[in-house]
Amino acid sequence: MEEQTEKSKMEKLTEELKEMALTLGAFKVGIATTETLAGGPPSTDLTYVLPGAKSAVVFALAFDQNLIEPYFKKNRS
């Protein structure tokens, strides 16, 4: 029973975090785990930044397409 309660708490927290990201402007939100990222490039190693990490909230933001090209042009040397 205690394990089920702990799982329910984690599911509730997951949904709250995903909702928070959407409220703050993300248009896609998910949870990545060490298992789902296995076999990816070194940059997907969650434990590199936070040893012991088992999952992370991942999200996508929409960029204003009209700003991208001017941004890249301004720093060309």
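How many aromatic pairs does a search of the whole structure find? Just one. The rings in question are those of Tyr 71 and Phe 72: their centres sit 5.5 Å apart and their planes meet at 75°, so the pair is edge-to-face. For that label, rings of Phe, Tyr and Trp (its six-membered ring) pair if their centres lie within 6.5 Å, with planes under 30 degrees apart called stacked, over 60 edge-to-face and the rest tilted.

A quick note on the setup: this is a predicted model, where local features need pLDDT of at least 70, side-chain atom pairs count only at pLDDT 80 or more, and totals for chains, interfaces and linings use all residues. Residues are numbered from 1 along each chain as its sequence is written, and side-chain values use heavy atoms, leaving out hydrogens and water.

Here's how three residues score on accessibility (buried is under 20% relative accessible area, exposed over 50%, partly exposed in between; 1.4 Å probe, protein chains only):

| Residue | Relative accessible area | Class |
|---|---|---|
| Tyr 71 | 47% | partly exposed |
| Phe 72 | 57% | exposed |
| Leu 61 | 45% | partly exposed |

Leu 61 lies in the loop between β2 and α4 (65-74), and it belongs to a nonpolar surface patch whose other members include Met 10, Ile 31 and Phe 59. Together the patch residues have about 840 Å² of accessible area. α1 (2-23) and β2 (55-60) are the elements giving two or more residues, and α1 gives the most, with four.

As for confidence (pLDDT, from 0 to 100 for each residue), the protein averages 88, and 94% of the residues score at least 70.

Conventions. Patch = residues over 30% accessible without salt bridge, like charges linked within 9 Å, V, L, I, M, F, W, Y side chains within 5 Å. Areas by Shrake-Rupley, 256 points an atom, 1.4 Å probe, with all protein chains shown as cover. Salt bridge = Lys/Arg side-chain N within 4 Å of Asp/Glu carboxyl O. pLDDT = per-residue confidence, 0-100.
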